[in-house]
Amino acid sequence: MLIHVLAAFSALAAALLAATLILIWHRWRRTLILQNVGLQLNSTIKRKELLRIIMETAAETMKAEGSSIILVDEEKGDLYFEVATGEKNEEVKQIRLAKGEGIAGWVAETGRSVLVADPSKDPRWSNRVSVKVNVPTRNMLCVPVVSNGRMLGVLQVINRKGRRGFHRSDLKLLEMIAVPTAVALENMLLYEALLRAMENIRETTAAKERIESELKIAQDIQRGLLPGEALRAGSVTLHAFLVPARVVGGDFYYFSELEDGKLLVCLGDVSDKGIPAALFMSSLMIRIQSKASPDLSPAQIAEAINRDVCREDSAMFATIFLAVIDTRTGELSFCDGGHCPPLVLNGDGVRTLETAKRLPIGAFADEKYEDRETRLNPGETLVLYTDGITDAENPQGERFGTERLKSALGELAAGSPRDVTQGIREKVTAFAAGHPQSDDIAVLALQFGDKD
Amino acid sequence: MELTVEKQDGIHIVRIAGRLDGTTSSAAESEIVKLSEAGCRNFLFDLTELEYISSAGLRVMLLAAKKARAAGGKAAVFGMNGTIREIFSISGFLTIFPDLPSREEGLRHMAEPPQT
């Protein structure tokens with residue numbers, strides 16, 4: 001009797017041992033499979049290749065006839081996948097599923113895995129896809145592919161090979177395969193995002209270079225509108241310089257000889273800086289040239305320019321000092337449109353020229369300008385400048401200011417107009433001590449008669 | 001830059017504080033345009049806390065003066081500090097913005113009809 005019990009017991013024990021060994025063997029084999037899958041999926045980040053590897057690996061591991069990896073399009077909110085069709089797989093179709101459409105859509109939305117043993121009995125089933133690819137579906141597994149809480153897509157396998165359909169244990173295995181799949185897909189998406197960002201940078205840099213080269217050309221055109229740096233006419237010598245704060249600017253000066261030994265001179269500053277100011281300055285330069293006439297006084301010239309330039313909808317303006325000098329006698333007639341007070345330099349020092357202050361050009365079309373008269377004595381130098389000089393700042397935040405300008409001019413009294421402009425330029429540069437130039441700068445020095 | 005609008009005795013008092021320059025002027029400009037489109041014709045500017053104004057800032061002031069004039073109204077300022085006053089003076093803007101010594105004087109000035 002005991003022998004029978006012992007025999008039964010050892011048979012049971014042997015069976016249990018065998019079962020355990022088989023279970024362990026299955027687990028070990030599964031681990032190997034997963035390890036292999038992981039290795040395969042990490043072999044590439046290129047989309048086409050990776051998707052192909054995912055599908056092949058899934059189908060092979062699950063012993064399925066076919067598989068698909070269906071990706072979520074986050075922008076459009078739907079799903080898509082590409083299927084190779086035709087005998088030689090030459091045609092590729094892209095198939096799109098609406099959000100929630102079919103089993104795949106359901107899995108993507110709910111995040112739950114699904115085993116479909118009989119599609120015809122499942123209300124979620126949409127045969128649109130199988131009709132398109134011409135493959136009837138007998139059974140399928142579908143699992144979500146999620147990485148860091150983000151639904152990347154859906155992995156599905158169809159038509160298990162052999163006689164049996166898919167079991168729950170197969171679904172579990174596919175879920176495990178979905179894990180390294182998610183990692184691989186996320187890497188692929190990151191790689192593609194990186195490529196897009198790099199392309200973006202390349203395009204932006206190219207656009208920036210195009211703008212910079214156009215600005216350089218604009219700078220040349222703007223320079224071409226200026227009448228040059230120096231002039232000698234009658235007993236008058238003048239010298240000017242202009243440095244924009246950016247590539248193009250709003251400061252301007254102009255001079256041209258009129259009949260009867262008269263010389264028109266003006267200097268000014270368009271409100272603000274950069275491209276809008278540069279465009280306004282350019283149009284202003286052309287108008288000054290066209291209105292300059294020996295028959296009009298400075299105020300009349302200013303009024304004519306102003307009427308042309310004023311616009312109801314714009315508040316752009318330009319300060320201007322405009323003068324006509326008789327190069328033989330030194331008589332100076334001038335008007336002031338909101339510009340900084342000009343200075344007159346001679347051996348005794350620097351004095352400020354009194355003007356009839358009016359609004360800048362471009363403010364109100366009916367603005368009336370007023371002429372004043374004076375005379376430059378032999379050796380005297382009229383100095384015109386823009387507020388880029390007086391507003392120049394140093395790293396400590398101090399302004400160059402009018403007082404410093406006057407005393408700098410005092411030191412340069414003995415020089416030629418070129419000495420004066422160069423001297424001012426050097427002093428302001430030295431004062432600024434590397435602090436970036438924040439406003440356009442222009443200076444014009446006009447001397448009547450040589451010193452005797 | 002801070003721009004606040006107060007209504008007193010039917011007059012819009014526009015207070016501008018801080019710096020009115022290239023970076024802050026477009027915000028100020030939109031406010032002025034909004035006020036003007038809403039029918040405001042008289043602009044009394046409170047500049048007691050205005051520290052700095054650039055030519056871009058002057059453009060905003062000019063725009064207000066233009067809108068006021070076009071609508072048959074007036075513009076004026078009060079509370080300018082020395083630096084701001086000098087800028088207004090050099091640029092000729094004192095010819096279009098009466099420089100009033102106080103808020104009360106400002107309101108009194110605005111209540112008078114504009115000279116033709």
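N159(A) is partly exposed, because 18 other C-beta atoms lie within 10 Å of its own, a count between the limits of 12 or fewer for exposed and 20 or more for buried. This residue belongs to strand 6 (residues 150-160) of chain A. Its phi is near 55°, a positive value in a residue other than glycine. Most residues other than glycine have a negative phi. The structure discussed here is a predicted model.

A second residue of this kind is A433(A), which is not a glycine and yet has a positive phi of about 45°. A433(A) is found in the loop that links helix 10 and strand 18 of chain A. With 10 C-beta neighbours inside 10 Å, A433(A) counts as exposed.

**Overall form of chain A**

Chain A contains 10 helices and 18 strands. Its radius of gyration is 43 Å, well over the 22 Å that the globule rule gives for 452 residues, so chain A is more spread out than a compact globule. The C-alpha trace of chain A spans about 145 × 45 × 35 Å along its principal axes. Two domains are assigned in chain A, domain 1 (42-195) and domain 2 (226-448). The C-alpha centres of domain 1 and domain 2 of chain A are 76 Å apart.

Of the 452 residues in chain A, 35% are buried. Where contacts in chain A join residues at least 6 apart in sequence, 66% of them link residues at least 24 apart.

**The six-stranded sheet and its helices**

Chain A has an open sheet of six strands in the order 7-8-18-17-13-14, with antiparallel pairing. Its edge strands are strand 7 (230-233) and strand 14 (349-352) of chain A, each of which pairs on one side only. From one strand to the next, the twist averages 20°.

At one edge of this sheet, strand 7 of chain A is joined to strand 8 (residues 236-243) of chain A by four bridges, and the two strands run antiparallel. Within this pairing, A233(A) has V236(A) in strand 8 of chain A as its bridge partner. Helix 10 (residues 417-432) of chain A packs on the sheet and touches strand 7, strand 8, strand 17 and strand 18 (441-448) of chain A. The direction of helix 10 makes about 25° with that of strand 8 of chain A.

Helix 9 (residues 401-412) of chain A lies across strand 13 (343-346), strand 14 and strand 17 (381-385) of chain A. Helix 9 runs at about 135° to strand 14 of chain A.

**Strand 11 and its partners**

Strand 11 (residues 318-326) of chain A has eight of its nine residues buried, so this strand is largely enclosed by the rest of the structure. Strands of a sheet pair through backbone hydrogen bonds, either parallel or antiparallel. The two pairings of strand 11 described here are set out below.

| Strand pair in chain A | Sense | Bridges |
|---|---|---|
| Strand 10 (residues 262-270) and strand 11 | antiparallel | nine bridges |
| Strand 11 and strand 12 (residues 331-337) | antiparallel | six bridges |

In the pairing with strand 10, V324(A) in strand 11 of chain A stands opposite L264(A). In the pairing with strand 12 of chain A, L322(A) stands opposite C335(A). Strand 11 and strand 12 of chain A form a hairpin, with four residues between them. G330(A), in the turn of this hairpin, has a positive phi of about 85°.

**Chain B and its contact with chain A**

In the contact between the chains, 13 residues of chain B meet 14 residues of chain A. On the side of chain B that touches chain A, the largest share, seven residues, comes from helix 2 (residues 55-70) of chain B. The residues on that side of chain B comprise six nonpolar, five polar and two charged.

Within chain B, R41(B) occupies the loop between helix 1 (25-37) and strand 3 (43-46). R41(B) counts as partly exposed, because it has 18 C-beta neighbours inside 10 Å. Apart from its neighbours within four places in sequence, R41(B) is in contact with A68(B), A71(B), G72(B) and G73(B). N81(B) is 40 residues from R41(B) along the chain, and their C-alpha atoms are separated by 25 Å.

Technical notes:
Residues numbered from 1 in each chain as written. Chains lettered and ligands numbered in written order. Predicted model: local features only at pLDDT ≥ 70, side-chain atom pairs only at ≥ 80, totals over all residues. Rg over C-alpha atoms; globule rule 2.2 N^0.38 Å. Contact = placed C-beta atoms within 7 Å. Nonpolar A, V, L, I, M, F, W, Y, C, P; charged D, E, K, R; others polar. Domains from an automatic or database assignment. Pairing = 2+ DSSP bridges. Axes fitted to C-alpha atoms, helices over the stretch in contact; angles between N-to-C directions.
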